[in-house]
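Hi,

Here's the structure I promised to pass along. Have a look at it first, and my notes on what turned up follow right below.

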Amino acid sequence: MNEEIIDAAPTTPIDKAEESKANPITFLSIILSCFPALVILMAIASFLWICFSPGIFSVLAFLSTIYIFPLLVYRVHNAVYPLKEGVSYLGGKGYSPWWGSHQIQVIYIAFPTLEVLLRLIPGAFSLWLRLWGSKVGKNVYWTPQFEIADRGLIEIGDRVVFGHGVGIYPHIIKPRKENLMLYVKKVKIGSNVFLGAWNHIGPGVSIEEGTYLPVFTHIYPNKKFSQT
């Protein structure tokens with residue numbers, strides 16, 4: 001997201017004492033920051049298992065490590081620490097559920113090919129997002145270069161087309177004084193929407209049914225976009 005979109009984030013008032021207390025990262029945050037490395041180590045171990053003892057169990061172990069294990073951890077994490085929409089501060093007193101969920105998903109940001117493969121199979125990526133908690137309609141077309149930051153924070157209608165390089169970002173982070181302001185809100189896209197190449201969609205954006213977005217359209221947070 002460019003600087004203009006970041007600057008458009010709402011500044012909901014928050015207790016000044018809370019904002020100024022940039023406490024160290026919590027213990028749980030530190031643990032989850034190691035999660036991507038854990039997945040990589042498990043994937044390497046299961047790949048070596050395939051190399052030395054190829055078979056159905058070693059292949060399933062590899063696929064489970066890449067796709068099932070992070071998903072299960074995310075669902076457990078979200079059940080205990082549900083994501084909350086709105087403004088918060090990453091340096092605040094408590095644990096940030098968004099931070100933990102981001103660390104669980106970051107493996108797919110670092111290695112986008114893992115999800116590109118899913119987008120090559122009709123219906124697979126839509127099902128994938130539903131498992132993460134998003135609402136996705138029927139006959140949605142995803143181009144291989146689609147990018148999403150938060151897999152559980154989108155609602156998409158039927159027959160939506162995503163052009164090349166489209167990015168959906170249901171969160172933004174903005175430096176504020178000696179802290180980092182986080183804003184999180186779902187992105188909602190109606191049915192029969194066509195998003196042109198390289199569209200960037202900020203948090204809280206709502207795109208009405210039947211809308212066409214030209215290429216290189218950047219929609220600021222909390223804006224409603226409709227076909228006129």
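Strand S6 (residues 161–162) runs parallel to strand S11 (residues 194–195), and two bridges hold the pairing. One residue pair to look up there: Phe162 has Leu195 of S11 as its bridge partner. Keep in mind that this is a predicted model.

Those two strands belong to an open sheet of four, ordered S3-S6-S11-S14, with parallel pairing. S3 (141–142) and S14 (212–213) are the edge strands; each has a single partner strand, so one side of each has no neighbour in the sheet.

Zooming out, the protein has eight helices and 16 strands in total. Of its 228 residues, 43% are buried. If you count contacts with a separation of 6 or more, 49% of them link residues 24 or more positions apart. As for the surface, about 11900 Å² is exposed, and carbon and sulfur atoms supply 65% of that.

Now for confidence, which you'll probably want before setting anything up. The average pLDDT is 89, and 88% of the residues score at least 70. Two stretches are a different story: pLDDT stays under 50 over residues 1–8, and also under 50 over residues 11–24. The model still gives both of them contacts beyond four places in sequence: 19 for residues 1–8 and 24 for residues 11–24.

That's what I have so far. Shout if anything is unclear.

Cheers

Conventions:
Residues are numbered from 1 along each chain as its sequence is written. This is a predicted model: local features need pLDDT of at least 70, side-chain atom pairs count only at pLDDT 80 or more; totals for chains, interfaces and linings use all residues. Side-chain values use heavy atoms; hydrogens and water are left out. pLDDT is the predictor's confidence in each residue, from 0 to 100. Contact means heavy atoms within 4.5 Å. Buried means under 20% relative accessible area, exposed over 50%, partly exposed in between (1.4 Å probe, protein chains only). Accessible areas come from the Shrake-Rupley method with a 1.4 Å probe; for residues, only the protein chains shown count as cover. Two strands pair if DSSP finds at least two bridges between them.
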